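The following dialogue takes up several features in turn, with the general idea before the particular case.

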Amino acid sequence: MAKNNSRRSLASIFLLFALAFSLAGRANIYPSAHAQDVSPSPAPATPAVDKAELHQALLDLTNTSTVMCVAAHPDDEDGTTLIALRRKNGVHTVSLFSTYGEGGQNAVGPQLYEELGVMRARETMKAAQLQGSEPYFLGLKDFGYSKSADEAFKVWGHDEALRRMVLKIRELRPDVIITNHDTVTGHGHHQATGRLIIEAFDAAADPRRFPEQLKQVKPWQAQRLFVRVFGGAAGQKSGGAAEKVVAIDPNEIDLVRGTSFAEQALAALQQHATQGPWPKSMADLLRARRIEAGKLPLIRYHLIREAAGAHPLPENATTPFAGLELPEAFMAKTASPKIDGRPLTEFLDQPDRVLAALIDWRASQTAPEPPAEDPDRFRLFEARVNKALATASGVSLTVVSSHNVLVPGLNTTFSINISNSGLSRVHVDELSLDSWGETTQPKTAEELLPDTETIVTVDRTTPKNATLTVPKEEHLYDNLFLGQPFQAIAKLEIDGAKFSVKTSITRDVAPAIEIKSISPSPYVWTPATVKQPVSFKVTVTNNLDGNFDGNLTIGTSENHVLEAGSKLSLAPMETREVTLKSNVVPLETAAHRRIEGNSGLLFVSVEPQDGRHPITQRSVPVVYSVARVVRGLRVGFVPSFDQTLQRSLAALGVDAKELNVADIQKGDLSAYQTIIIDNRGYEAHPELIAANSRLLEFVNAGGTLLVFYHKSNEWNPDAGRNRPQLAPYAIILGDERVTDETAPIKFLLPRHPLLNVPNRITPANFANWIQERGLYYPKEWDQHFGALFETNDPGEAPLKGGLLVAQYGKGNYIYTSMVWYRELRAGVPGAYPMFANMISYGHQ
Ligand SMILES: [Zn+2]
């Protein structure tokens, strides 16, 4: 639509002007607020209303139920059910996650732990947007795979976890709670979450539980709690006689959008990219689940708890809230409008009639006061009325800021845009911006003619003491990683129908010059590298509108600058990676660490040219490990997802080269004595499977091949995927793990050279491990292999396949399912000597 375009471009020209004005110099003093109208252009024939969006907004007026899905990790949520309930029934859907999933793996990048948590929270928010639901997090620590609920509670604290869950139930007030997790199956976090929700269902309603919360929220009794039934017949797990089940059909087609709920759920699931790969299409998904008829089975939930006096769940219920009733007085107050006795959703093709009906209904309502019996549910209804009026009338509100990153003490201009793309005149009663705990009410145009918009700017100074929201990974548990929120609200009126529109944005708050990352971190030293200069790659960003000239320095304490470091010059808003080298190595400190076997810290600072106080500073842990490799070793490595191998080899001072699949296929492998395939390497580089014979030839000719852990379904021979046995002698992986990172390690072949040359390995090398010992342990292996270690989780049978080694031809093959990569990455000193022995093996 050309008209629309011209209107938009006028607006964007103004916006550009506003931006240019503010970018011109931070020191400018702006008027506190100013408004500008853009002249109208002729109205289009029909308002541009998105049909699906309008349908949802109108459907939402017919339901004030809240259904909460409780899940342990991002991607455990029941997307299909959430989508079906919202799209088909207009239910207010929320999901509650125990953790951010930071203990999981990352299929798309090097980030792990808190950095991964930030990514997974974002993925979850994107998925929730597609599900039409709202995500919430309890922020309990995801410390990796665990086998029991007790293990989870040891870290979470049972009472603390319950307190958080009860608070969220009291805040979000779900009528129905659903979960995928029972109390006995799968991941310990799943079991613990399954147990917590049963307790929280009752505790949230009991004013004697967590009474301190009652200053903020009221007790809340959810009516029903359902647990999903997987596989087999309903009733198997809990074994009750009169069990009630509700079933959702994932194959049902959403008539407004033309796709099935399962298909929409798959699109949402794909947002959890770090946990992929996911099926690319429904056909893929059906194939993966070996469903030939093309229909997914019903999703069924057991009713496992009901509130006292709750309305009974009808037989053959198709929604979990079926049969729940609200008081008549409340229903009367929230009866949604109709046209000729029919719901508005039946009039999507006549948006003008829909809008007229909404306006008449709203204008005739007396002041909508929340009813005493359930004010929060009424507020939810009111929010939905506002949304329906805004959608039907084509009014929208957006906010942008002149700077994406806010710097304490500096000014930012917020531009609030109210756009009227509909056919009605819109009266603006009031406009406000909530920022930094204050509400600003800028002057605005009083009326918006059809097809016009108005932009109002508000200048705000970021408080000097504003809390920084970066580095994000340091703000995972205080929620600041999402940024500082800013909210705009416009109170509007069309033909006597009053409604409001809200929008919010978040912005990062960062130092003027920001250290985005430092690599490597931790910094690992070994005898071979202790005399080399310290070297970091530091990524810095100038968040100022002007040039920055200063210094980047390394110090051994917060105040003591070791060396001037390098000069740093950055253009406005520039981000750059700088190599920071220092020849002045704190040798005494290193020597001290050698004795202590401990870690210290180095400090990287950005300093102004003339000042003494750093503008910003970040610390890097320093670790000393007494790990030696044989002389003159040449190593090639194929990395998977991160730089752990590269950094660990550099820390050992090894002459190492990164190899890609083409190098393995065609390169001269005799240039290397040892080649390393990183964890899940055959999954990260599927073409490696076809080139595997080259690797085996390399071993046969005298090389050492070291292969890190793989998942069983990525490794075991599979004719369907053209995957032969990848090791020279059979290794078949199972799914067993040792999740206790302190599990004792027994040395099965203590005299084996791998445990003695060049470094003598002792139980001390397995101290201070993180997360776990190993995963996807081999369950069978050929007798050519020797097994070096035995370990197990408490109360379980010992696992012996954690490190297998075999001679093949003139060379050696090592497969290890222990999590060396996690320990090397985290700078666990004891892991380096064993890594050094593995790459040195056969080359003494
Ligand atoms: Zn999970």
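Q: Which residues coordinate the zinc ion?

A: This is a predicted model, in which local features need pLDDT of at least 70 and side-chain atom pairs count only at pLDDT 80 or more, while totals for chains, interfaces and linings use all residues. Residues are numbered from 1 along each chain as its sequence is written, and side-chain values use heavy atoms, with hydrogens and water left out. Donors are N, O and S atoms within 2.8 Å of the metal (3.2 Å for Na, K and Ca); water is not among the atoms, so sites may look incomplete. Here the zinc ion is coordinated by His73 through ND1, by Asp76 through OD, listed twice, and by His190 through NE2, at 2.1 to 2.7 Å.

Q: Why is the arrangement around the zinc ion irregular?

A: Ideal angles are 109.5 degrees for four tetrahedral donors. Four donors count as tetrahedral if all angles lie between 85 and 135 degrees; four count as square planar and six as octahedral if opposite donors are over 155 degrees apart and all others between 65 and 115; anything else is irregular. The arrangement here is irregular because the 4 donor atoms subtend angles of 54 to 137°.

Q: What spacing do the donors of the zinc ion follow along the chain?

A: The spacing is H-x2-D-x113-H. Asp76 lies in the loop between β2 (66-71) and α3 (79-89), and His190 in helix α7 (residues 188-203), so this pair ties together parts that are 114 residues apart in sequence. Helices (H or I, at least four residues) and strands (E, at least two) are DSSP runs, numbered from the N terminus.

Q: Is Asp76 buried or exposed?

A: Buried means under 20% relative accessible area, exposed over 50%, and partly exposed in between (1.4 Å probe, protein chains only). Asp76, at 12% relative accessibility, therefore counts as buried, and His190, at 17%, counts as buried too.

Q: With which side chain does the side chain of Arg362 make a polar contact?

A: A polar contact is a pair of N or O atoms within 3.5 Å; within protein, one must be able to donate a hydrogen and the other to accept it, and residues adjacent in sequence count only if both atoms are side-chain atoms. The partner of Arg362 is the side chain of Glu382, at 2.9 Å. Arg362 belongs to helix α11 (residues 351-364) and is buried, with a relative accessible area of 8%.

Q: How many cavities of 30 Å³ or more are there?

A: Rolling a probe the size of a water molecule over the atoms shows where empty space is left. On a 1 Å grid over the protein atoms alone, a cavity is a set of points where a 1.4 Å probe fits but cannot get out; lining residues have an atom within 4 Å of a point. Grid points are joined across faces, edges and corners, and a volume is the space filled by probe spheres set on the points. The count is 2 cavities of 30 Å³ or more, and the largest cavity holds about 120 Å³ of space. It is lined by 17 residues, of which Asn106, Leu112, Phe641, Asn679 and Tyr821 are the closest to its centre.

Q: What classes of residue make up the lining of the largest cavity?

A: Ala, Val, Leu, Ile, Met, Phe, Trp, Tyr, Cys and Pro count as nonpolar, Asp, Glu, Lys and Arg as charged, and the others, Gly among them, as polar. The lining of the largest cavity has 5 nonpolar, 7 polar and 5 charged residues.

Q: How many residues of helix α20 are buried?

A: In helix α20 (residues 831-840), 10 of the 10 residues are buried, so the helix is largely enclosed by the rest of the structure. Among them are Tyr832, Phe835 and Asn837. Gly842, with a positive phi near 90°, follows α20.

Q: Which peptide bond leading to Pro520 is cis?

A: The bond from Ser519 to Pro520 is cis, with omega near 0°, and Pro520 lies in the loop between β22 (513-519) and β23 (523-525). The bond from Val757 to Pro758 is also cis, with omega near -10°; Pro758 is in the loop between β35 and β36.

Q: What is phi of Arg173?

A: Phi of Arg173 is near 50°, a positive value in a residue other than glycine. Arg173 sits in the loop between α6 (158-172) and β5 (176-179) and counts as buried at 13% relative accessibility. Asn722, likewise not a glycine, has a positive phi of about 55°; Asn722 is exposed, with a relative accessible area of 67%.

Technical notes
On a 1 Å grid over the protein atoms alone, a cavity is a set of points where a 1.4 Å probe fits but cannot get out, and a pocket is an open set with protein on both sides within 12 Å along at least five of seven lines; lining residues have an atom within 4 Å of a point.
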